[in-house]
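These are my notebook entries on a single structure. I record what I looked up, entry by entry.

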Amino acid sequence: AQSLSRDDAVSQLLPVVLKFSQDKSWRVRYNVASQLVELCEALGPEVARSELAPAFVRLLRDNEAEVRVAAAGKVAAMAKM
């Protein structure tokens, strides 16, 4: 994500991240939750607030405890966005 321009990152990565944040596999969702802050930094604050914040809230409410824990560990960093 950091090697792409912000516009390229938004157009190419955002749809994939949003899709993976709702994947059937909890391990995929866990990895999205673990990397969400870095993705927000790469995609920019506007995209983070409008597109990734709702995905983050879904991850905090996930059925799988491991996903919720990974997302909860990023609350402070996400709050600074």
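Entry 1, salt bridge. I looked up the contact between R29 and D62 in this predicted model: their side chains meet in a salt bridge, with 2.6 Å from N to O. The two partners lie in distant parts of the chain, 33 residues apart, with R29 in helix α2 and D62 in the loop between α3 and α4. I then searched the whole structure for salt bridges and found one. Are R29 and D62 buried or exposed? Both residues are buried.

Entry 2, helix α2. I turned to the helix that carries R29. Helix α2 covers residues 26-43 and has a kink of about 55°, centred on L36. L36 is itself among the buried residues of α2, which also include V32, A33, V37 and L39. Which helices do the buried residues of α2 pack against? I noted α1 (6-20), α3 (45-60), α4 (65-72) and α5 (75-79). Just after α2, I found that G44 takes a positive phi of about 100°.

Entry 3, aromatic rings. I searched for aromatic pairs, and the structure holds one. The ring centres of W26 and Y30 are 6.3 Å apart and their planes stand at 80°, so I recorded the pair as edge-to-face. W26 and Y30 are four residues apart in helix α2, and therefore about one helical turn separates them. I also checked their exposure. W26 is partly exposed, with a relative accessible area of 26%. Y30 is likewise partly exposed, and its relative accessible area is 34%.

Methods. Residues numbered from 1 in each chain as written. Predicted model: local features only at pLDDT ≥ 70, side-chain atom pairs only at ≥ 80, totals over all residues. Heavy atoms only, no water. Bend = angle between axes of the 7 residues up to and from the residue. Buried < 20%, exposed > 50% of the residue type's maximum accessible area, 1.4 Å probe, protein only. Contact = heavy atoms within 4.5 Å. Salt bridge = Lys/Arg side-chain N within 4 Å of Asp/Glu carboxyl O. Phe/Tyr/Trp six-rings, centres within 6.5 Å; stacked < 30°, edge-to-face > 60°.
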